[in-house]
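Good morning, and thank you for the time on today's agenda. I would like to walk the group through one structure, which I now place on the screen.

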Amino acid sequence: MRKPLIAANWKMFLNVKEAADLAGAVCNGNTDYSKTDVMLAPSFTNITAVSEAVKSSGKPVIVAAQNVYTEESGAFTGEVSIPMIKGAGAGAVILGHSERRNVFKETDEFINAKVHKSIEAGLTVVLCVGELLQEREAGVAFEVVLAQLGKSLAGVKDLNKVVIAYEPVWAIGTGKTASPEDAQAMHAEIRRFITRIYGEHTAKSVRILYGGSVKPDNIADLMKKDDIDGALVGGASLKADSFLKIINF
Ligand code: PGA
């Protein structure tokens, strides 16, 4: 049985105090952590404050960074390293988010290097994949997503610390969710791919999250699907009440 994971991606929102307050409010919610894992991904500047808020609540909430650089230290102005995010309290990192891929032009090869370094450092990796609207309309969504997955995971031997997040780009921040059936079809395809490369045991245990306009009123139908193991939530994670409703789907 795969334990659901509900992850908040706070993107480039919230100042230090707002992030700490929101983390505190989420941790104060009535969540059964034996049934669901919860992750919060604040911006770099807010990781320390969010980690402290989580720690003082005593709740087993995972704190994640939204990105990281491959090198440990050096002359890389503006970058943030794995030791830095770990030191700030992160136990996980989101990699390959479509905004990293499309706005910042990150390649699968670069994402793959970050995946390797993050796993070596003991971080949990939430690896995002997803097709653009024109790719879906052209009927190549499966191909695109599996190619991203294959390249981003190249050389990765063990998926123990990897969570996959399928996020169709056309559904992110647009209010358009993939239908539970379309999401399930992609998740099943991803799981078949994992079976081919890593075997059935791994494929059965790896969690595949859906992301893209997940809201309190659509989470339950998504979670009914066999291969949907949780959600990566942007907009609806920025308010404690809506995020808690999603956690308690
Ligand atoms: P959204 O974002 O829930 O606001 O669509 C999801 C994401 O980008 O992770």
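**Aromatic pairs, helices and the ligand**

A search across the whole structure turns up 3 aromatic pairs. In one of them, Y69 and F76 have ring centres 5.1 Å apart and planes at 50°, so this pair is tilted. I should say at this point that what we are viewing is a predicted model. Ring pairs also bring in F110, so that Y69, F76 and F110 are linked into a cluster. Are the two residues of the tilted pair buried or exposed? Y69, with a relative accessibility of 18%, counts as buried because the cut-off for that class is under 20%. F76, at 35% relative accessibility, counts as partly exposed.

Let me turn to the ligand. Which residues come nearest to it? Of the 13 residues around the ligand, the nearest are K11, H97, E167, G173 and S213. By class, this shell consists of 7 polar, 4 nonpolar and 2 charged residues. Several polar atoms of the protein lie beside oxygen atoms of the ligand. K11 places a polar side-chain atom 2.7 Å from a ligand oxygen, and a polar side-chain atom of E167 is likewise 2.7 Å from an oxygen atom of the ligand. From G234 it is a polar backbone atom that takes part, at 2.8 Å from an oxygen atom of the ligand. How much of the ligand does the protein cover? On its own the ligand has 280 Å² of accessible area, and the protein covers 96% of that.

K11 deserves a second look. This residue lies in the loop between β1 and α1, and with 17% relative accessibility K11 counts as buried. Its phi is near 45°, a positive value in a residue other than glycine. L14 belongs to the loop between β1 and α1 as well. The phi of L14 is near 80°, again positive in a residue that is not glycine. L14 counts as partly exposed, at 26% relative accessibility.

I move on to the helices. Helix α5 covers residues 108-120 and contains V115. V115 is buried, its relative accessible area being 0%. Leaving aside residues up to four places away in sequence, V115 touches L95, V125, L127, S152 and V156. M84 is 31 residues from V115 along the chain, and the C-alpha atoms of the two are separated by 16 Å.

Helix α8, residues 180-198, holds H187. Here too the relative accessible area is 0%, and H187 is buried. What does the side chain of H187 reach? At 3.5 Å lies the backbone oxygen of I208. I208 is also among the residues that H187 touches, together with Y166, L209, Y210, D227 and I228, when residues up to four places away in sequence are not counted.

The last helix I wish to show is α11, residues 240-247. Why can α11 be described as largely enclosed by the rest of the structure? The reason is that 6 of its 8 residues are buried. Those buried residues are A240, S242, F243, L244, I246 and I247. They pack against the strands β1 (5-9), β2 (37-41) and β8 (230-233), and against the helices α1 (16-28) and α10 (219-223).

That concludes my presentation, and I thank you for your attention.

Technical notes. Residues are numbered from 1 along each chain as its sequence is written. This is a predicted model: local features need pLDDT of at least 70, side-chain atom pairs count only at pLDDT 80 or more; totals for chains, interfaces and linings use all residues. Side-chain values use heavy atoms; hydrogens and water are left out. A residue is near a molecule or strand if one of its heavy atoms lies within 4 Å of it. A polar contact is a pair of N or O atoms within 3.5 Å; within protein, one must be able to donate a hydrogen and the other to accept it, and residues adjacent in sequence count only if both atoms are side-chain atoms. Accessible areas come from the Shrake-Rupley method with a 1.4 Å probe; for residues, only the protein chains shown count as cover. Ala, Val, Leu, Ile, Met, Phe, Trp, Tyr, Cys and Pro count as nonpolar, Asp, Glu, Lys and Arg as charged, and the others, Gly among them, as polar. Helices (H or I, at least four residues) and strands (E, at least two) are DSSP runs, numbered from the N terminus. Buried means under 20% relative accessible area, exposed over 50%, partly exposed in between (1.4 Å probe, protein chains only). Contact means heavy atoms within 4.5 Å. Rings of Phe, Tyr and Trp (its six-membered ring) pair if their centres lie within 6.5 Å; planes under 30 degrees apart count as stacked, over 60 as edge-to-face and the rest as tilted.
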